[in-house]
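This briefing is meant for a reader who is meeting the structure for the first time. Please keep the sequence and the model in view while going through the points below.

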Amino acid sequence: MENASVEYLPGNTAEWIRRSDYRVWNKLLSDAFFNDDRAGQLVYLDRDDSAFMKACEAFGLEPGNNAQVSLAESVRSILCWKTSQRSTFAEFDMMTKQWLTERRTALRNKLEVEPPPHVALLMLLSIAAESMGAPSGKDEPHTGGYYAQLEKLLRIPKGEGARLRTSFAESSEAYWEALNVWLEDFAGNRGLPSAYALMYRYVGLPISQALIRDTERRNLEKFFDEQGFVAGSAVSHSEMQNSLDIWIHSSGGGANTALRKIWSTSGNQSRVTDLALAQFAAWNGPTGGEKDGHPQSRSARCLLTWRSERKFLKSTSKFGLVVMQGVAQNASGTVEAENGTNYDVQFRPTGNNTFGVSFGEQDVAAISLIGGDVKITTSENKVLRRIPKNVVLFARDVLTASYVEVDRSLAGAESRILIQHSEKLEAEVDRILEDAARPGYRKIVGGTSEGIPNGWTAYLEVMFLRSPSPEIRLDRDLAAFQPRLTTQMAVHGGLRLPGRTNRWSAAAPLTLVITSDEDERVDLYRVERDPDSLRNIEVNVGSGLQPPLELLVGELSGGCSDFSLSLRRNGNTLQNMKIRLRGSGLASAENALEPRGLAHGVGTPLWPLTAMAGSDIATGWIEGTTIESEPIEIAVDALAVPAQITWNSMLTGMRTRQKLRLPGPAVDSCIMTGLHKFQLPMFDGKYPKAPWMYGECSGCGMSKRFPTRIKQVQKAEGQALNVRKVLPVLNPKSIDTDWVAVLDALVFLGHGTRREFSVLARQIEDSALFERQLLNSLEALSFLELERDEQLEVKSWEVVYKGIAGLENGSWLPAGSWTE
């Protein structure tokens, strides 16, 4: 159907058809852009996306001007003109309120929420941004340029433009927010929100959909890897912009021509930074790609891991290895031993999209993992290396209780440090931590019962609150103690829930840390949604705050479960952070759907050992403490029970693990010489505006900060020495996760996969034994039903319905999802 013909239909018929077209467009665009194929991905309303072509074809039009005109006319039919004495987008505001009412009803009845009625409008707003094109001369793309394109698409009459702009500023943010709410209802399983604008409100949101193409977005993922960012860490707007500036101007960087051109346009730097922050929030780490035909540095490395394990009521340290993404699922390889022999290893998924290295029957001593030269060759002939160093920094993994090796310290993050014992080096590290780290860290000398090997010293419970003083020389092995740091926020502690979006348990204390290298005060705002209009409400929760400081997120929430924290100075926004709190007592669409109803099907094979969702041969069902079955008779004679014990020693039948020693470091390696070969960005005559750049050691991967302009840095460091203050003694908040929080999280989720259970369990203790014991204990207590595969490995779980069972001693056992 050609939309142009609708123009000439008589009376209100044309208007009715256009409004009908809008509903069709909204449905088709929602289905095309947001579906299971987009799970975990940022979704942009981009007319060059194949999803737009699919929606156009479903409408019966080619994805060209006719489709664009049809979409624009359908949106225009819903606008209100001056004669109506209503705002231009008043009808869309009414649609927002109606959708919110229908959403609440759907959630209450445990039904799927329909898409918001704004998707077609938002698509057109994004097309207007794409139509802006490149600005002429040195003039930056300004709001007038965007509104001019929007008015042209909608054929806005003279005298209506000012009304449209006013109404756009009042209402458009709520339309994007409605889309975000809907995507969050599905916990990212239909895509992740991508509209983000820190520095430019209103027009910045549609421009974020159109400024860069898919190729440039993939380029940003290369940027995160090449600049050494750690997935899941907090990054401020200014730090991201400075890093982009260095990377884009570097002649050896991975930025393509299109991205360099976009960056060179005045005014685009902040917008591209906004997009990079959104992309970084969804980034899961390096993918093992190549640059110029060579593996990217971090994806070709093994990283050391450090976890604490309870053993005989004591905590002991365990060390291991992980590799970044790029290794195939269930892949294998070989590791080279000290004697030149190759031994088999396996790669198993663990943590934040990394793969743990399993040595099978081989037992590798901690001293060999830490100080050895690791060389692993995968089945695909990729060589993965770890070259030892004298100082190793670790940051806590966002999805486990483990700490993973990093190239530089992270401000506001829970960290650990391992150094090779040397009185001089130890004294220097002590001085750095006394100056820049939160008081209260622990120091452990190797060779004790806590699992730290002889010859090494460990520092636990470390958190950097600022950069070390300029008077402390960070030479050689100390270079990594210089964090990426502006004034910024980070969270630690709490219990993160599994899923494609960042969600935290409302029952576990979550702490906000504000760090800074500047002696200036900041303001903190909570930005929450109006539940009836989705418009933002700003509440000042802290004025004139002096970093560094720690605050409990629960005390900042104001009773909200979804809100943002906005850090500002002198009215300028420094960083926004999204907080989502979830719990069994909080209504949420993410747990609104009914579970499958796992139960033991009496009479099915292995029915006492595994639950199932349904069966045609079951003669009864048992779920938790609820029994719907006739009395069960078991033929005892069929059970093969031995008449006597056939073993006489605890060690009988146990396999002895072989000791594996890895090669020692080469004589010219960093750990032996204490010297590093830092590779710095190269610039083709045009220096970036950022004051700092980072070099990476070509041997061990250590990162070091270097100035881009030495004189400016010397002046700044001289000023910093004059105002250096002693760090205040903060009251560290407890980061131990309460068992109540774990059970509450399971009740909130209701059901899930073994992997999702693992995410929760390993934040308590990162060990397979603990995870299995916890799973079996919760099954024995009738809290969970477990579905097992043919090898009796757990593949899914489900919280049982509430029930009470009478025990032999006359007491009662509550089973299932009791919250009190």
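Ser-566 is buried, because its relative accessible area is 0%, which is under the 20% that marks the limit for a buried residue. This serine belongs to strand 23, which covers residues 562-569, and the model in which it is described here is a predicted one. The points that follow begin with the surroundings of Ser-566 and then take up the chain as a whole, a sheet of three strands, some backbone features and a patch on the surface.

**Around Ser-566**

- Not counting residues up to four places away in sequence, Ser-566 touches Asp-523, Leu-524, Tyr-525, Val-527, Thr-573, Gln-575 and Asn-576.
- One of these residues, Asp-523, is 43 residues away from Ser-566 in sequence, while the C-alpha atoms of Ser-566 and Asp-523 are 8.3 Å apart in space.
- The side chain of Ser-566 also makes a polar contact of 2.9 Å with the side chain of Arg-568.

**The chain as a whole**

- The protein chain has 820 residues, of which 53% count as buried, and its secondary structure comes to 20 helices and 36 strands.
- If one takes the contacts in the protein chain between residues at least 6 apart in sequence, 64% of them join residues at least 24 apart.
- The area that the protein chain exposes is about 38900 Å², and carbon and sulfur atoms supply 50% of that area.

**A sheet of three strands**

- An open sheet is formed by three strands in the order 29-30-31, with antiparallel pairing; its edge strands are strand 29 (678-679) and strand 31 (703-707), each of which pairs on one side only.
- Strand 29 and strand 30 run antiparallel and are joined by two bridges, and here Gln-679 has Glu-696 of strand 30 as its bridge partner.
- Strand 30, made of residues 692-697, pairs with strand 31 in the antiparallel sense over five bridges.
- Within this pairing, Tyr-694 stands opposite Arg-705 of strand 31, and Glu-696 stands opposite Ser-703 of strand 31.
- Strand 30 and strand 31 form a hairpin with five residues between the strands, and in this hairpin Gly-701 takes a positive phi near 90°.

**Backbone features in loops**

- Most residues other than glycine have a negative phi, and most peptide bonds are trans.
- Leu-534 is not a glycine, yet it has a positive phi of about 65°; this leucine is found in the loop between strand 20 (522-529) and strand 21.
- With a relative accessible area of 5%, Leu-534 is buried.
- Leu-606, although not a glycine, has a positive phi of about 55°.
- The peptide bond that runs from Pro-547 to Pro-548 is cis, with omega near 0°, and Pro-548 lies in the loop between strand 21 (536-545) and strand 22 (549-552).

**A nonpolar patch on the surface**

- Leu-606, Leu-609 and Leu-792 form a nonpolar patch on the surface, and together these three residues have about 240 Å² of accessible area.
- Within this patch, Leu-606 has its place in the loop between strand 25 (600-602) and strand 26 (620-623).
- The relative accessibility of Leu-606 is 48%, so this leucine counts as partly exposed; the value lies between the limits of 20% for buried and 50% for exposed residues.

**A buried aspartate in a loop between helices**

- Asp-766 is placed in the loop between helix 19 (754-761) and helix 20 (768-780).
- Because its relative accessibility is 6%, Asp-766 counts as buried.
- When its neighbours within four places in sequence are left aside, Asp-766 is in contact with Arg-307, Thr-400, Ala-401 and Ser-402.

Notes
Residues numbered from 1 in each chain as written. Predicted model: local features only at pLDDT ≥ 70, side-chain atom pairs only at ≥ 80, totals over all residues. Heavy atoms only, no water. Patch = residues over 30% accessible without salt bridge, like charges linked within 9 Å, V, L, I, M, F, W, Y side chains within 5 Å. Areas by Shrake-Rupley, 256 points an atom, 1.4 Å probe, with all protein chains shown as cover. Salt bridge = Lys/Arg side-chain N within 4 Å of Asp/Glu carboxyl O. Helix = DSSP H or I, 4+ residues; strand = E, 2+ residues; numbered from the N terminus. Buried < 20%, exposed > 50% of the residue type's maximum accessible area, 1.4 Å probe, protein only. Contact = heavy atoms within 4.5 Å. Polar contact = N/O pair within 3.5 Å; in protein donor to acceptor, adjacent residues only side chain to side chain. Pairing = 2+ DSSP bridges.
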